[in-house]
Amino acid sequence: MKRTRIKELLETERRGIHVTAAGWVRTRRDSKGGFSFVEINDGSCLANLQVIAPASLANYADAVLKLHPGASVVAEGVLEASEGGGQAVELKADTLQVLGFSEPVDYPLGKQKINFERLRELPHLRARTNSFGAVARVRHLLAHEVHRFFHDRGFLYVHTPIITASDCEGAGAMFQVTTLDPHAPPRRPDGTVDYDRDFFGRRASLTVSGQLEGETYACAMGDIYTFGPTFRAENSNTRRHLSEFWMIEPEMAFADLEADAELAEAFLRHLFRAVLKHCGADLRFFDQRVLPGVLARLERLAEAPFGRVSYTEAIRLLETSGKSFEFAPFWGMDMQSEHERYLAEEVFKGPVVVTDYPEAIKAFYMRRNDDGRTVAAMDVLLPEVGEIIGGSQREERLEVLSASMRKSGLNPDDYGPYLDLRRYGSVPHAGFGLGFERLVQFCTGMHNIRDVIPYPRAPRLC
Ligand code: 4AD
Ligand code: MG
């Protein structure tokens, strides 16, 4: 079967050509004039192809008139200018073969409207809806543009491991990987579990970040990035958290926090422009059906310079805002989403880079500032979404790093290879992590992060 994708059929200027299209039925309408209109979609674009099936088809009564939403068909015939409104072309079928029928009594995606929550219970079917088809295409385009951006700038794509024995964020929110029997693990004489006898000969987990391994490659190859799945066993039931999400983490040698912030800004701008350029029809759909204004917001942010503010100044802005927050702001606090959104939405009216956070609320690897109480960290905040990027300049001084590990309750002996980078030719370096789903969420205007990844993983959801 040689089929042409519907996207291509709808874009071509040619008429009167013989073509084959295949897809899933969205609707069927029977006309008194002796034919049926069958709208089919194949996922290549938002729009459907209208197939005209004349009553003269041999299988008209037995098959065409039994077509319901969800059925799969192959139509071949002539592509012609459409007489009806709504579409430029239609396919006048010479044959309409049914590959698989679909029964309207069972099929959950019939004509009735169905909300996103209900669709979450149908992850195997929801890509057949307009919204999830559009999300899938935007997600693909953004992933592709991530690679293009870094490749064009000479960054090397490094595949960091998914199973690891170190806790990058030092937060302990890791999923354990083990082949030990949970009911009867081998024990040491003191009663603790004997991980020597586990699969890896030690305790292992799913990674929370590829950063530590990324740093080792940056400190040899210069500029690198990772793009892979990461896992967090936090009990966060919010519309911005997943237990499994994808993260993009660039890391640059010979770079400071300023270079890091510049890269973050250029990166986000590139992605906003790319999605505007390549996903016009899908973005218009989100603008009409999901979040009115999402398109104009993207257009504006694709050109706007990012705001810059230190954490200390940001707290002052929050304290003097006159706004009543659920959590009162104070220096030393970990900002809540309401604070991040206020800064991005009301103060800076666009993306803002917040730098130099208190040491006590940030990870052990961030470079200590001379003031002795803050570190060279940055978060990029967006309207609506809040934090989309977290990054920092890394602590490159061996003694300072060992001390801050101990302060965070980590044993420097567990991080030997990481410390080696500081023993042999240490260099200033910096990087960040961008949460891919938060990016897709922002570009599409989808309210819940669980609706921008094909199979969301969250507490009690797998
Ligand atoms: O701020 P985070 O925890 O930073 C790191 O993991 C660093 N190691 C990154 C680095 O410097 N290389 O996470 C980075 C980003 C966040 O800003 C957020 O966008 C996203 O990852 N993120 C999540 N996205 C969805 N669900 C979660 N549970 C997330 N946790 C973080
Ligand atoms: Mg963070």
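## Ground rules for the strands

Two strands count as paired here if DSSP finds at least two bridges between them. Keep that in mind for the sheets below, and remember that this is a predicted model.

## A small open sheet

Let's start with a sheet of 3 strands. It is open, its order is β7-β9-β8, and the pairing is antiparallel. The edges are β7 (163-164) and β8 (176-177), each of which pairs on one side only.

Look at the β7 side of this sheet: β7 and β9 (residues 204-206) run antiparallel and are joined by 2 bridges. That count just reaches the cut-off of at least two bridges. If you want a spot to click on, try Ile163, which has Leu206 of β9 standing opposite.

## β4 and its two partners

Now jump to β4 (residues 72-81), which has an antiparallel partner in β1 (residues 17-31), with 8 bridges joining the two. One place to see this pairing is Trp24, with Ser72 of β4 opposite.

β4 also pairs with β5 (residues 89-100), again antiparallel, this time through 10 bridges. Here Leu79 has Leu91 in β5 as its bridge partner. As general background, strands of a sheet pair through backbone hydrogen bonds, and they can do so in parallel or antiparallel fashion.

## Who surrounds ligand 1

Over to the ligand. Ligand 1 has 24 residues around it, and the closest are Glu169, Gln211, Glu249, Glu387 and Ile388. Sorted by class, the shell comes out as 9 nonpolar, 8 polar and 7 charged residues.

Where does ligand 1 sit in terms of pockets? The space it takes is the second largest pocket. Elements giving two or more residues to the shell are β11 (244-253), β15 (386-393) and β16 (429-435). Of the contributors, β15 gives the most, with 5 residues.

## Polar contacts and cover

Which side chain places an N or O atom 2.7 Å from a nitrogen atom of ligand 1? That is Gln211, which is also listed among the closest residues. Tyr365 brings in a polar side-chain atom at 3.4 Å from a ligand 1 nitrogen. Phe432 uses its backbone instead: a polar backbone atom there is 3.4 Å from a nitrogen atom of ligand 1.

How much of ligand 1 does the protein cover? On its own, ligand 1 has 620 Å² of accessible area, and the protein covers 93% of that.

Definitions and conventions
Residues numbered from 1 in each chain as written. Chains lettered and ligands numbered in written order. Predicted model: local features only at pLDDT ≥ 70, side-chain atom pairs only at ≥ 80, totals over all residues. Heavy atoms only, no water. Near = heavy atom within 4 Å. Polar contact = N/O pair within 3.5 Å; in protein donor to acceptor, adjacent residues only side chain to side chain. Areas by Shrake-Rupley, 256 points an atom, 1.4 Å probe, with all protein chains shown as cover. 1 Å grid on protein atoms, 1.4 Å probe; cavity = no way out; pocket = protein on both sides within 12 Å on 5 of 7 lines; lining within 4 Å. Sits in = over half its atoms within 2 Å of the grid points. Helix = DSSP H or I, 4+ residues; strand = E, 2+ residues; numbered from the N terminus. Nonpolar A, V, L, I, M, F, W, Y, C, P; charged D, E, K, R; others polar.
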